[in-house]
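Reader: I've got a chain on the screen and a handful of questions about it. Can we go through them one by one?

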Amino acid sequence: MQVLLVEDDPSMRAALERSLSRRGLAIVGCGDGHEALAHWRAGAFDVVVLDLSLPGLDGLEVLAAGRAQGLATPVLILTARGTVGDRVLGLNTGADDYLPKPFDLDELEARVRALGRRRAEPAAPAADLQLGALRLDRLSGAVYHGSDVLELTPREAALLQALMARPGHAVAKERLFELVFPGEPDLQVEAVEVVVYRLRKKLAATGVTLMTLRGLGYLVKAA
């Protein structure tokens, strides 16, 4: 089983690498958020064990960016942040399991192996997203208006998918920025507004409206 271990404490990371390797797991370790996302994109991992407190991108940003880019590897969050709110936030961002520090090594191994087995099981195909006359094929990422494919840039498609996943509900600009511009810390969150403007023009003839809710974010709704 191939495991990506993301932990910023070098001594903790080295100890976990040694212990899990002795238990028959193939471990790739790193301690930086940007490096973690690059490894995740490039590697065929069965499970990602992800700390939240990381330099560069923090763990939730890594998780959100990976999920936005279609990385479906099971993720176990491993962190000292043990409050219910932190667990809910991590799971809502796309984590599959959550183990607070301090933890028992046997439990960590058991949870990692359970996630690995879950990944090996055949998954049901993702259901398409439908909103009015728009349909988003979640397997291909294509957006259809009737039988015609909308010509969208990858950023426009990522934005529309995030909004169509919550029709009629506002999605915060900061959350959309994480999904549309993953791993681009040099950009400002206002860059989302440019993508919104362009996408709104392309949706004008589809019967789907992209609305701005001041102080809340953006939402899409069918006419």
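Author: Sure. Keep in mind that this is a predicted model. Let's begin with Arg13, which lies in helix α1, residues 10-22.

Reader: Which side chain of opposite charge is nearest to Arg13, and how far away is it?

Author: Arg13 is buried yet has no salt bridge. A salt bridge needs a side-chain nitrogen within 4 Å of a carboxyl oxygen, and the nearest candidate sits at 4.1 Å. That candidate is Glu17.

Reader: Okay, then which backbone oxygen does the side chain of Arg13 reach?

Author: Look at the contacts of Arg13 beyond four places in sequence: Leu5, Glu7, Asp8, Gly29, Cys30 and Gly31. One of these residues offers its backbone oxygen to the Arg13 side chain at 2.5 Å. That residue is Glu7.

Reader: Moving on to Leu54: buried or exposed?

Author: Leu54 lies in the loop between β3 and α3. Its relative accessible area is 11%, and the cut-off for buried is under 20%. So Leu54 is buried.

Reader: How far apart in space are Leu54 and Asp8, C-alpha to C-alpha?

Author: In sequence, Leu54 and Asp8 are 46 residues apart. Even so, Leu54 touches Asp8, along with Val6, Glu7, Gly31, Gly33 and Gly59, leaving out residues up to four places away. The C-alpha to C-alpha distance between Leu54 and Asp8 is 5.7 Å.

Reader: Now strand β4. How many of its residues are buried?

Author: Strand β4 covers residues 75-79. Val75, Ile77 and Thr79 point one way, while Leu76 and Leu78 point the other way, and all are buried. The strand is therefore largely enclosed by the rest of the structure, and the count is five of the five.

Reader: Which residue of β4 stands opposite Val49?

Author: Strand β3, residues 47-50, pairs with β4 in the parallel sense over three bridges. Within that pairing of strands, the residue across from Val49 is Leu76.

Reader: What is the handedness of the crossover from β3 to β4?

Author: The chain leaves β3, passes through helix α3 (residues 59-68) and arrives at β4. That makes a β-α-β crossover, and its hand is right-handed.

Reader: And where β4 pairs with β5, which residue stands opposite Thr79?

Author: β4 and strand β5, residues 97-100, pair in the parallel sense over four bridges. Across from Thr79, in β5, is Pro100.

Reader: What is the omega of the peptide bond from Lys101 to Pro102?

Author: Pro102 lies in the loop between β5 and α5. Most peptide bonds are trans. The bond from Lys101 to Pro102, though, is cis, with omega near -5°.

Reader: Which side chain does the side chain of Glu109 make a polar contact with?

Author: Glu109 lies in helix α5. At 16% relative accessibility, Glu109 counts as buried. Its side chain has a polar contact, at 2.6 Å, with the side chain of Arg23.

Reader: Last stop, the open sheet of four strands. Which are its edge strands?

Author: The sheet runs in the order β6-β7-β8-β9, with antiparallel pairing. An edge strand here pairs on one side only, and that description fits β6 (129-131) and β9 (148-149).

Reader: Then which residue of β9 stands opposite Tyr144?

Author: Strand β8, residues 143-145, is joined to β9 by two bridges, and the two run antiparallel. Facing Tyr144 from β9 is Val149.

Definitions and conventions. Residues numbered from 1 in each chain as written. Predicted model: local features only at pLDDT ≥ 70, side-chain atom pairs only at ≥ 80, totals over all residues. Heavy atoms only, no water. Buried < 20%, exposed > 50% of the residue type's maximum accessible area, 1.4 Å probe, protein only. Lys, Arg positive; Asp, Glu negative; His and termini not counted. Polar contact = N/O pair within 3.5 Å; in protein donor to acceptor, adjacent residues only side chain to side chain. Contact = heavy atoms within 4.5 Å. Pairing = 2+ DSSP bridges. Right-handed = clockwise from strand over helix to strand, strands pointing away.
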